Amino acid sequence: MLSTALRWTFERLGTIRDSAVSSYADADVEIRAQLDAGRRAIMRAPLALAPAIRPGRHDLIAIRRAGSPWGTVSEIANRLSVLDASPEALANELLIPDENIRWRLFHLAILGEILLSARSLGFQTLSQGPLRPGGGRPSFRLTARGDLAFDLWFEAAGIWHDLGVRSPYAEATAGIALKDRRLGADLLLAHPRGHSFLVIECKYSWNVDFVARNGYYQAVAYASELASRTGGKIMAIAVGPEGVVHSSGFTQLSVGQIGICPPSAIREVLQRFIDIA
């Protein structure tokens, strides 16, 4: 097992090296001697006689326990094995450990769910340009039968300028020296003439109280702002991770429908919003 795993590791390193130096000749300069030694090793017994077999999880544990230098071989092989996995697994390996980006990935995932759900409901989706957090324009236009259309905002602080109305948050905080008075929902579906709005606030956390309380507070706040300034029909939801939010729940307030739901319920929410819009 040690020989087959070592040969596989050297061969994979060789493939990666060849790809790297084809773009930049000195990409391997810091470890060139070691890689050259590995290439020579697989041409001699016993590695020349051993098949290259990717070690499994239990194999890596056994190799690590064989002592020096096998602990290093096990670590390198473990990192290389990710390259044989699916693109989803590779993205998970690279991005999920970064706590500073998890919430944004969740935000983008909910945007994707909205677009897929809209298409399944018969809407055409047209990009209005690159995503720009806090930008002054919608990111997508959704159109369906007749004149049914909605603007989809990615971070919707710019909705107030688009409506020609001053932000209630900006008014309420006028006496505070703030650097930024922009405040908007994570995602917003808006009728082009301001007849109806669907607020979607993304809450990525495994803390059920945070998802429930903060999500509810923000949904109600954004719904209240839009209802008071536009008189339109409002639905506002907070979306939390599957497993934290098990099913959708809604309540009717004077400002509109407020709810909390999992990502899997986005299509149901869109259909519900279309029915009232």
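A pocket here is an open set of points, on a 1 Å grid over the protein atoms alone, where a 1.4 Å probe fits and with protein on both sides within 12 Å along at least five of seven lines; lining residues have an atom within 4 Å of a point. The model is predicted, and totals for linings use all residues, while local features need pLDDT of at least 70. Residues are numbered from 1 along each chain as its sequence is written.

Select L6, T9, F10, L13, I31, Q34, L35, A37, G38, T72, V73 and I76: these residues line the largest pocket. Its volume is about 240 Å³, taken as the space filled by probe spheres set on the points. Next, colour α1 (2-23), α2 (32-41) and α4 (70-81), each of which supplies at least two residues of this lining. Helices (H or I, at least four residues) and strands (E, at least two) are DSSP runs, numbered from the N terminus. By class, the lining has eight nonpolar, four polar and no charged residues, with Gly counted as polar.

Move to the second largest pocket, which holds about 160 Å³ of space. Select W103, F106, H107, E155, D186, E201, C202, K203, Y204 and F210 for its lining. α6 (99-120) and β5 (196-202) each supply at least two of these residues, and α6 gives the most, with three. Five lining residues are nonpolar, one is polar and four are charged.

Finish at G146, in the loop between β2 (140-143) and β3 (149-154). G146 is exposed (over 50% relative accessible area, 1.4 Å probe, protein chains only), at 78%. Add M1 to the selection: the C-alpha atoms of G146 and M1 are separated by 66 Å, with their positions 145 residues apart along the chain.

Key: This is a predicted model: local features need pLDDT of at least 70, side-chain atom pairs count only at pLDDT 80 or more; totals for chains, interfaces and linings use all residues. Side-chain values use heavy atoms; hydrogens and water are left out. Buried means under 20% relative accessible area, exposed over 50%, partly exposed in between (1.4 Å probe, protein chains only).
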